[in-house]
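Reader: I'd like to learn how to read a few features straight off a model. Could you walk me through some?

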Amino acid sequence: MTPEKVLEMAKEKGAKVVDIRFMDFPGIWQHFSVPLGELSVDSFEEGFGFDGSSIRGWQPINASDMLVVPDPATAKMDPFFAEPTLVLIGNIVDPLTLEPYSRDPRYIAKKAEAYLKSTGIGDIAYIGPEAEFFIFDDVRFDSSNNSAFYFLDSNEGTWNTGREEFPNLAYKPRHKEGYFPVPPMDKFQDLRSEMLLILQSLGIDVECQHHEVATAGQAEIDMRFKPLLQMGDQLVWFKYVLKNAAYRAGHTVTFMPKPLFADNGTGMHTHISIWKGEQPLFAGDKYAGLSQEALYAIGGILKHCKALCAFTNPTTNSYKRLVPGFEAPVNLAYSSRNRSAAVRIPMYSSSPKAKRIEFRTPDPSCNGYLAFSAVLMAVLDGIENKIEPGDPLDKNIYDLPPEELAEIESAPGSLEEALAALKADSEFLLKGDVFTQDVIDMWISFKTEKEINAVKLRPHPHEFFLYYDI
């Protein structure tokens, strides 16, 4: 869409306000609004000024001025604001040099797509994330010098079977039994369908929606695969729509990987395939119908998985889900059907066009632009360097003898371990200047200071249960 077409669209839709949005470094959408009269064709080159020092992980206060330049291809009408509002996603630019800002996550995704083309390996990387989430009815938490707690509640929570609800009508999914029950056990069918329809109204293709395994409203809505940058844009819209649709209905949505103890966590299995022209690069006559390039791509993911987790599983809470011995995909292996492996080859279709690999370790707390770009860079490194993935793991991981299990590496056990892996293994991300050393250093520094140390220094409520009488 051209700038002129965007202005025509705004007029046709009766827009009164323009909302400019961009992604901060950790992965939260930011925005500000201007009257429609402030948007002109020139705005798509000149941009709008803002304070970059107030955005997490960006500019120091002595060099705070930044520009956000709207991308006309991203124009959509907001489905929630009271006044008709045109939304534009912007790219971040230095106001003096007019160069793209190296810490802008969207710019990193654009560079990843450009690097793919420069290698000659392919033209398009398609990404299909399966972002799970929880729908809760009441969420309270606090963390201070002398106290800390959290409390989650849901009308669906199995712990509420004995609660006085005047009347309590039961039908609450038991732990790990939330996968696919019909209503009245599934209480969020209508809300998920509303979310699905809003996403479709925004031009986001949706394949399905359903209840997920955990009690208390765990759910999944799957978007159809799209090119990397487009999917990065769609993922932020996805989170925005789900949170606001739930909020409007008196509920709250979280993409936190492990909000509940002793039940399934929230993952984001991420499908990836590369095409060159009209040809799917990953279809062939090797294991599970894969090509040799696809096997090398898996080799790249497995080799760099520990470093990738710094971006695909970027919170301390992520590693409450990634625990060996449970159902999480922590085993650095691949398989055609084994869901305990970090990489799976879906076998739902025999069509070459459907052939892809599924990286199961990521979770939806990630910044999609960074996570998808990092995964693509690992895939390309595997193909360029012909990294063999070893033999597939088609056995049940839980039935393996200890000596055989010990030979299978695991994903990191903590964010600190993932960041250490990233520090030691980042060269593959620096190719083509996709990730810069500054970006990697700032990511490690920000996560260490703002998250790891913040959690490390605080007593945990369960420590009082374990140790108060020591």
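Author: Sure, we'll take the empty spaces, one buried alanine, a strand, the backbone oddities and the cysteines in turn. One thing up front: this is a predicted model.

Reader: Let's start with empty space. How many cavities of 30 Å³ or more are there?

Author: The general idea goes like this: rolling a probe the size of a water molecule over the atoms shows where empty space is left. Here, the count at that cut-off comes to one cavity. The space in the largest cavity is about 40 Å³.

Reader: Which residues line the largest cavity, and which elements give two or more of them?

Author: The lining is made by Met268, Thr270, Thr312, Phe359, Pro362, Cys366, Ala371, Phe372 and Val375. Strand β14 (268-276) and helix α8 (368-384) are the elements that give two or more residues each. The biggest contribution is from α8, with three residues. By class, the lining of this cavity has seven nonpolar residues, two polar ones and no charged ones.

Reader: And the pockets? What is the volume of the second largest one?

Author: About 350 Å³. There are 19 residues lining the second largest pocket, and the closest to its centre are Gly128, Glu207, Phe225, His271 and Arg356. At least two lining residues come from each of β7, β10 (206-211), β11 (218-223) and β14. Strand β7 has the largest share, at five residues.

Reader: How does the lining of that pocket divide by class?

Author: Into 10 nonpolar, three polar and six charged residues. Set that beside the lining of the largest cavity, with its no charged residues.

Reader: Now a single residue. Is alanine 125 buried or exposed?

Author: Alanine 125 has a relative accessible area of 5%, so it counts as buried, the limit being under 20%. This residue lies in strand β7, which spans residues 124-136. Then look for what packs around it from farther along the chain. Skipping neighbours within four places in sequence, alanine 125 is in contact with Leu116, Lys226, Pro227, Leu228, Ser273, Ile274 and Leu376.

Reader: How far is alanine 125 from lysine 76?

Author: In sequence, 49 residues; in space, 24 Å from C-alpha to C-alpha.

Reader: Next, strands. Which strands are joined to β4 by bridges?

Author: Strand β3 (residues 48-51) is joined to β4 by four bridges, and the two run antiparallel. Strand β6 (residues 85-93) is also joined to β4 by four bridges, again antiparallel. To find the register, pick out facing residues: phenylalanine 50 stands opposite methionine 66 in β4, and leucine 67 stands opposite valine 93 in β6. As for cover, five of the six residues of β4 (residues 65-70) are buried.

Reader: What should I look for in the backbone angles?

Author: Look for exceptions: most residues other than glycine have a negative phi, and most peptide bonds are trans. In this model, the bond from phenylalanine 166 to proline 167 is cis, with omega near 0°. Another cis bond runs from proline 183 to proline 184, with omega near 10°.

Reader: Where do proline 167 and proline 184 lie?

Author: Proline 167 is in the loop between β9 (148-153) and α4 (189-201), and proline 184 is in the loop between β9 and α4 too.

Reader: Which residues other than glycine have a positive phi?

Author: Phenylalanine 166 is one of them, at about 50°, and lysine 176 is another, near 65°. Phenylalanine 166 sits in the loop between β9 and α4, as does lysine 176. With 71% relative accessibility, phenylalanine 166 counts as exposed, while lysine 176, with 41%, is partly exposed.

Reader: Last topic, cysteines. How many disulfides does a search of the whole structure find?

Author: A disulfide is a covalent bond between the sulfur atoms of two cysteines. In this case the search finds zero. For cysteine 208, the nearest cysteine sulfur belongs to cysteine 366 and is 19 Å away. For cysteine 305, the nearest is that of cysteine 309, 4.2 Å away, and cysteine 305 is in no disulfide.

Reader: Why is there no disulfide at cysteine 305?

Author: Because the sulfur atoms would have to be within 2.5 Å, and the nearest one is 4.2 Å away. Cysteine 305 is buried, at 0% relative accessible area, whereas cysteine 208 is partly exposed, at 30%.

Notes:
Residues numbered from 1 in each chain as written. Predicted model: local features only at pLDDT ≥ 70, side-chain atom pairs only at ≥ 80, totals over all residues. Heavy atoms only, no water. 1 Å grid on protein atoms, 1.4 Å probe; cavity = no way out; pocket = protein on both sides within 12 Å on 5 of 7 lines; lining within 4 Å. Points joined across faces, edges and corners; volume = space filled by probe spheres on them. Nonpolar A, V, L, I, M, F, W, Y, C, P; charged D, E, K, R; others polar. Buried < 20%, exposed > 50% of the residue type's maximum accessible area, 1.4 Å probe, protein only. Contact = heavy atoms within 4.5 Å. Pairing = 2+ DSSP bridges.
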